[in-house]
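Please open the model in the viewer and keep the sequence panel visible. The stops below are arranged so that each selection leads to the next.

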Amino acid sequence: MLFQPILTSALSLLVLSFGFTFAAPAPAPGTPIAIREVSTTETLDPRSFSSRITWYNTGLGACGTYSNDGQLVVALNHDQFDPSTPNGNPNRNSLCGRRIRVNANGRSVTVTLVDRCTQCPYGGLDLSPAAFSVLASTSVGVVQGSWDWV
């Protein structure tokens, strides 16, 4: 193909001009490339967080949906929830509906984000009674654990 050397030269010029480096060699011509599409409103955070995990009685959540205590749902601390709230409307928060894997006491549970926790510290989560019960007895009230986005 005639345009391939031109494209390669342009890419080489771009690399030399801006100092880009690549960790892997370019695929051979004609090799399919896997592309993961990401929504522009999706917040990707690969880090794992360690913090206090508590439980609360559910109901109408900040995301605008009703939940019950038997569902595996979570309220995220306000420090991490609020930046994804457009124009002060938490019902349109891009984190609503995201899944979180919570770990404590050698156990884990995957929950759906439906609410905002005003009393939780940065990294903190408030789980439904059903979700907290997977990790510990609700009589304990508070556990230290970790979580990450699924």
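Begin by selecting S6, residues 142-149. Of its 8 residues, 6 are buried, so the strand is largely enclosed by the rest of the structure. Here, buried denotes a relative accessible area under 20%, exposed one over 50%, and partly exposed anything in between, computed with a 1.4 Å probe on protein chains only. Strands, like helices, are DSSP runs numbered from the N terminus: a strand is E over at least two residues, a helix H or I over at least four.

The model is a predicted one, in which local features need pLDDT of at least 70 and side-chain atom pairs count only at pLDDT 80 or more, while totals for chains, interfaces and linings use all residues. Residues are numbered from 1 along each chain as its sequence is written, and side-chain values rest on heavy atoms, with hydrogens and water left out.

**The neighbours of S6**

Keep S6 displayed and add S1, residues 49-55. The two strands are antiparallel and are joined by 6 bridges; strands count as paired if DSSP finds at least two bridges between them. Along this seam, Ser-51 stands opposite Gly-145, and Ile-53 has Val-143 as its bridge partner.

Next add S3, residues 99-104. S3 and S6 also run antiparallel, with 4 bridges between them. Select Asn-103, whose bridge partner in S6 is Ser-146. In S4, the bridge partner of Asn-103 is Ser-108.

**Round the barrel**

Continue to S4, residues 107-117. S3 and S4 pair in the antiparallel sense over 6 bridges and form a hairpin with 2 residues between them. In the turn, Asn-105 has a positive phi of about 55 degrees.

Add S2, residues 73-77. S2 and S4 run parallel and are joined by 5 bridges; Val-74 stands opposite Leu-113 in S4. With S5, residues 125-127, displayed as well, what order do the 6 strands follow as they close into a barrel? The order is S1-S5-S2-S4-S3-S6, and the pairing is mixed. From one strand to the next, the twist averages 45 degrees, taken between N-to-C directions on a scale from 0 to 180 degrees, with axes as lines fitted to C-alpha atoms.

**The aromatic cluster**

Show the side chains of Phe-49, Tyr-122, Trp-147 and Trp-149, which form one aromatic cluster. Rings of Phe, Tyr and Trp (its six-membered ring) pair if their centres lie within 6.5 Å; planes under 30 degrees apart are stacked, those over 60 edge-to-face and the rest tilted. The count by this rule is 3 aromatic pairs.

Centre first on Phe-49 and Tyr-122, an edge-to-face pair at 6.2 Å centre to centre with 75 degrees between the planes. Phe-49 lies in S1 and Tyr-122 in the loop between S4 and S5, so this pair ties together parts that are 73 residues apart in sequence. Phe-49 is buried at a relative accessible area of 6%, whereas Tyr-122 is partly exposed at 45%.

Then turn to Phe-49 and Trp-147, a stacked pair at 4.6 Å centre to centre with 25 degrees between the planes. Because Phe-49 belongs to S1 and Trp-147 to S6, the pair links parts that are 98 residues apart in sequence. Trp-147 counts as buried, at 1% relative accessibility.

**The nonpolar cores**

Widen the selection to the largest nonpolar core, which has 23 residues. Such a core is a set of buried Ala, Val, Leu, Ile, Met, Phe, Trp, Tyr and Cys residues joined through side-chain atoms within 4.5 Å. Those with the most contacts inside the core include Leu-76, Val-111, Trp-147 and Trp-149. Among the elements that give two or more residues to this core are S1, S6 and helix H3 (129-135).

A second, separate core of 6 residues includes Tyr-56, Val-73, Ala-75 and Cys-120.

Now isolate Leu-76: beyond four places in sequence, the residues that Leu-76 touches include Phe-81, Leu-95, Trp-147 and Trp-149. A contact means heavy atoms within 4.5 Å.

**Last stop: the N-terminal stretches**

Colour the chain by pLDDT, the predictor's confidence in each residue from 0 to 100. The mean is 79, and 69% of the residues reach 70 or more. Select residues 1-28, where pLDDT stays under 50 and the model has 6 contacts beyond four places in sequence. Residues 30-44 also stay under 50, with 10 such contacts. Where pLDDT is low, the predicted coordinates should not be read in detail.
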